[in-house]
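User: I'm new to this structure, so please show it to me and let me ask how each label is earned.

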Amino acid sequence: MTLTIPHQQRLPLAIAALGFLFLGLFLLYPLFNVFGASVLDGDGEKFTFANYVKILGRPFYRGAVANTLMIGVAATITTIVISVPFAFALARLPVPGKAAIVALAAMPLVLPSFVSAYAIVLLLGRAGVVTQWLNSWGIGFGSIYGAGGIVLVYTLTLYPYVLLPTMAGFKAVDVSIEEAAQSLGSSPRRTLWTVTLPIVVPSILAGGLLVFIETLENFGVPFVLAEDMPIFAVEAFKLFVGETAPNPSSAGVLGVLLILMTSLVLLIQRRFLANRRFATGARSAPPILKVGPGLRIAATVYCWSVVLLALVPFFAIVVLSFMEFRGPVLHPNFSTANFTALFERSTRPLLNTLMFATLAAIGVTLIGVPIAYVVTRLRSGLAAVLDVIATLPFAVAGTVLAIGFVVSFNSGWLILTGGPFIMVLAYTVRKIPFAVRSSSGILHQIDPSLEEASISLGRSPLQTFARILVPLMLGGIMSGFVLTWVTIASELSATVVLYSGQWRTLTVVMFQALEGGGGGIATAAASTLIVVTLVPIALLYRLIRRYELAA
Amino acid sequence: MTGIVIEGVTRTFGTVRAVDGVNLTVGEGEFFTLLGPSGCGKTTLLRMIAGFCELDEGQIRFGTKRIDTLPAHTRDIGMVFQNYAVFPNLTVAGNVAYGLKARKVTAAEVARRVEEALSLVQLGGYGERWPHQLSGGQLQRVAIARALVIRPQVLLFDEPLSNLDARLRVSMRAEIRELQKSLGITAIYVTHDQEEAMSVSDRIALMQSGRLEQVGAPAEIYRQPASRFAAEFMGTTNLLEPKALGLSGAGRVSLRPEALRLDAEAPAGWPRLSGTVAHVEILGPITRFDVRLADGSVIRVASLDEPHRTLATGAQVTLAYDPARVTVLA
Ligand SMILES: Nc1ncnc2c1ncn2[C@@H]1O[C@H](COP(=O)(O)OP(=O)(O)OP(=O)(O)O)[C@@H](O)[C@H]1O
Ligand SMILES: [Mg+2]
C-alpha cells in the first residue's frame, strides 16, 4: 500500500485544501481571536474567565441576553402565526394573483431590514408623520421604540423565511394522504389538523429557526429602534468601538455568547429537523380547495395585506426621501435636496457600495461554488468537515466576525485594517454559506456520470469542471451571484465595525446620518440602497423569464 | 485495439468485498460480458477499468501497458453509461465532438468524423438537435457515437440498454454487437440480463459476490454450468438429486426443461420417467408444464407448441430426457 492520492480525488482535495486555508485564515482564526480576547486578562497573558464573570455579573448585560432572546422568541412566534395561514392560503385556497404575491413576498428578504426600521421611526416614531397626523385628531398610541417596534419590524421583514418553505411544504403533501384520511372517516377540517399540518410542521420550524437566528444576529434594527433597551449585537458593537474605552475582551465575551446561542439553535435544527422530514413523495399536488366566497375574500384580503404592509415602509422611505427635512424634522414639500446633499459631498459611498458588492460577490462565487463541488462530490469525512466550517459563518453575527477581523488583522504579519479589502473579505466570508447551500443544491441534481463521461472522453477533472459543470450550473450561479450582491450592498453589521475614512458605503452614510440626526441624507441613502437592490433583482427576473421562454 | 489483462484485482468497501481477486484476459476485438445479479461487483470492476474506482490490489493492463495507475482521462476509453450521460448543454454534434476536441483534432476533421459517427448509429442529420428533443433510444445512440468517434482502445458499456423498452433493447443490442464487430474494438459489456448477455457476447464472465463464477462462451456456460448458481442464473433448470433420474452419486444434477419431451415425441433410446401433470402454461411458441414424479419432486418441461397435443392437469404422462444433457454439478 502506498499513500498516493487517487487521481479522481486530486482536484476535490486540492480545492478542499484551498477552502480550508481560506476559511481557516479568515473565519476560524478571527473567531479564535475573539474567543482569545474573551478569556485573557487585561494584559493579554493569563487565561481567565473573569471577563465572563464580570459581564454576566452585570444586570445590564444579563438584561441584554434576556431582551435579545425574548425579542427573538416573540418575533419567531409572530412570523409563524402570520405565515402559516398565509402559506396555506397560497397553496390551497383560490387567491387571485398568486405569482405576484409570491414575488412580492420574497422582496423583504433582499431589502435591508434596518431601512424598514428607520421607515417605521419616520412614520410612527415620536415625530413620525402618522403619529403627528393622529395626534392632530387627538389619537395617541403606544411607543414603537423598544421591544414592540423591533418585533414588528422583524415580523414584517423576516416572515418570508417561514412563508416560503411552509408553502412548499403544503404543496408537497400528496393528495392521496389526505384522501386516505378522509376515506377513513376524517372530516376535511380534522384532516387538516391531524394529517396535513403535522406533515408541514418541520418546514414551519425550519423557517422559524432561521427567523430566530436572524433576530439574534441583527444589528441594524435594534440599533434604530431599541433606544435604551440593551440588545446583544448592539452592545457588542458599542463595547468594541466604544468612544470612551474600547474593550475587546468584553466585546469578545458578548461575541462568544452570541455565537454559542446561534450555534445551539443551528444544532437543534440539524439534530431534530434533519430526520424529521416527512417525505411523502408527492406525485400529484393537492387540489385548490373549494370554499365559499366569504373565506375566499378573507384569504385574498389577508394575503395582499401582509405582502403590501411589509413593503409599505420601503415605499414610504422612497417617498419621504423626496421631501424636505430640516434636521430630523420633516416638511411635506417636494424636494430633491436630500439627494443633492447626499451626492454633493461625495459619490464615493455609492461607488464603494457597488464596488465592494461586486468584488465580494465574485469572491463568494469563486470560493463557494468549488466548495460546494467538494462537499457534494468527495466522499470523505474531510468533505463533511468542510461543509460544517463553510456553514459556520451563518452562526456568526456580522458584528462578531468584524470584531474578530479587527483583532486579527490590526497588527502582525497581515495588516488589513484601514483598507477596503478587509471589508470585501468579511462580506465574502459572511455570504459563503449561502453560495455553498445553493450551489450544492444544483450539484445534487447533476448526475455524476456526466462528469465521468467527460473524463473518459479525455478531459481532465479540472477541464470537466469548467466545461460541463459550470455551464450546467450557470443559471443557478448567476441567481446566486445577484442575490449575494444585493445582500452585500445592504450589509450593515460588519461594515460599521470595519469601515474607515474614504471607504464608507451607503449603509455607513445612513448609519452616520441616523446617529447625527440627518434625516434627509439618511432617507436619500436608504432610497438609493433600495434602487441598488431592486434593479439587479428586476434584471435577474427578466433574464430568468427570457431563459425559461427560450427553453 | 488491444486485449485487456486483469490480474488479482480486489476492492473492498467497508466490509463488502465488491470485487474479490478477479483474474481475466479479454482478447483483442472480443465482445466480453460481465454478467451477474445485482450487487455482484460488475459495475465496480468496469469502473476500475475506466479509472473511476481505485484498486486495493492487483493490476489492469491494456496489452502490455499498465493502466490502473493512469488518470481516467488519459486511458483512451469509450464508455457508455446506463443513464446515457449525454451533456444537456451541448447539441448532439457537440456531444459527439467533445472527445475529439479534447484530443485537439482539427475543426474540419471533427466535423467529418462527427457526421460519420452519427450516420453509423443512424442519427445522420441529427447534429443540430438538443438532447431534450431526443427519445431514450436516440440518446443512447448519441452516447454510443460519442464513445466510438474517439476510436478508443476499449469500449465499456454499463447496462446501456436497461432504460429502454423491451423491443428497442432487442434491436439495439444487435446494433451494438454489429458496430463493435465492424470496428473491431475490444468491448466489455455489463448486464444482469442473461438473455442479453448470450445474444451479444463472444464470451461471458459470470460473477457472484465479487468473484468470477465461470468464464466461457455463452453456449458453453448454458450447457455446461460449473455450479448450481451458474446453472440457475443462465436459465430455468431442474436441479435434481441424481437418484431421481436413476443415477448414482451425491450432489445435484441439472436438467434443462427443453431436454425433456413427452414419451411419444422422444427418440427411443432416451430414459423414461412417469408422473402426473401438475400445471400447464401455453405461452405461444412454447408450452411449459410441470410434472410431479412418484417421489413427489416436480420437474419442469418446455417444448415447442404441437397443435395435436392435449395436456390436462392431473393426466398421467411419461417423459423422456436426453441423457447427454444432464450436467452433474459440483
Ligand atoms: N462507492 C461505493 N461505496 C460503498 N459500497 C459500494 C460502492 N460501490 C459499490 N459498492 C458495493 O459494492 C458491491 C458491488 O457493487 P456494484 O455496483 O459493482 O454491483 P453491480 O454488480 O454493478 O450491481 P447492479 O446490477 O445492481 O448495478 C455492492 O454491494 C455495493 O453496495
Ligand atoms: Mg451496476
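Analyst: Sure, one term up front: helices (H or I, at least four residues) and strands (E, at least two) are DSSP runs, numbered from the N terminus. The model is predicted, so local features need pLDDT of at least 70, side-chain atom pairs need 80 or more, totals for chains, interfaces and linings use all residues, and side-chain values use heavy atoms, without hydrogens or water. Residues count from 1 along each chain as its sequence is written, while chains are lettered from A and ligands numbered from 1 in the order written.

User: Which element gives the most to the shell around ligand 1?

Analyst: That's α1(B), with 3 residues.

User: What makes a residue part of that shell?

Analyst: A heavy atom within 4 Å of the ligand. Ligand 1 lies between chains A and B, and of the 13 residues around it, Ser38(B), Gly39(B), Lys42(B), Thr43(B) and Thr44(B) come nearest.

User: How do you know that Thr43(B) makes a polar contact with ligand 1?

Analyst: A polar contact is a pair of N or O atoms within 3.5 Å. A side-chain N or O atom of Thr43(B) sits 2.5 Å from an oxygen atom of ligand 1, so the pair qualifies. The side chain of Thr44(B) also has an N or O atom 2.5 Å from a ligand oxygen, and for Gly39(B) a backbone N or O atom is 2.7 Å away from one.

User: How much of ligand 1 does the protein bury?

Analyst: 63% of the 630 Å² that the ligand exposes when taken alone, by the Shrake-Rupley method with a 1.4 Å probe. The elements giving two or more residues to its shell are β2 (16-26) and α1 (42-50) of chain B.

User: Why is "ABC transporter" written on chain B?

Analyst: The name comes from an unreviewed UniProt entry, which lists that domain at residues 4-234 of chain B; such annotations may be inferred rather than shown by experiment. The span is 36% helix and 26% strand, and its end C-alpha atoms lie 25 Å apart.

User: What makes the two domains of chain B count as touching?

Analyst: Contact means heavy atoms within 4.5 Å. An automatic or database assignment gives domain 1 (4-232) and domain 2 (252-329). Their centres, taken over C-alpha atoms, are 39 Å apart, yet 8 residues of domain 1 are in contact with 6 of domain 2.

Notes: Polar contact = N/O pair within 3.5 Å; in protein donor to acceptor, adjacent residues only side chain to side chain.
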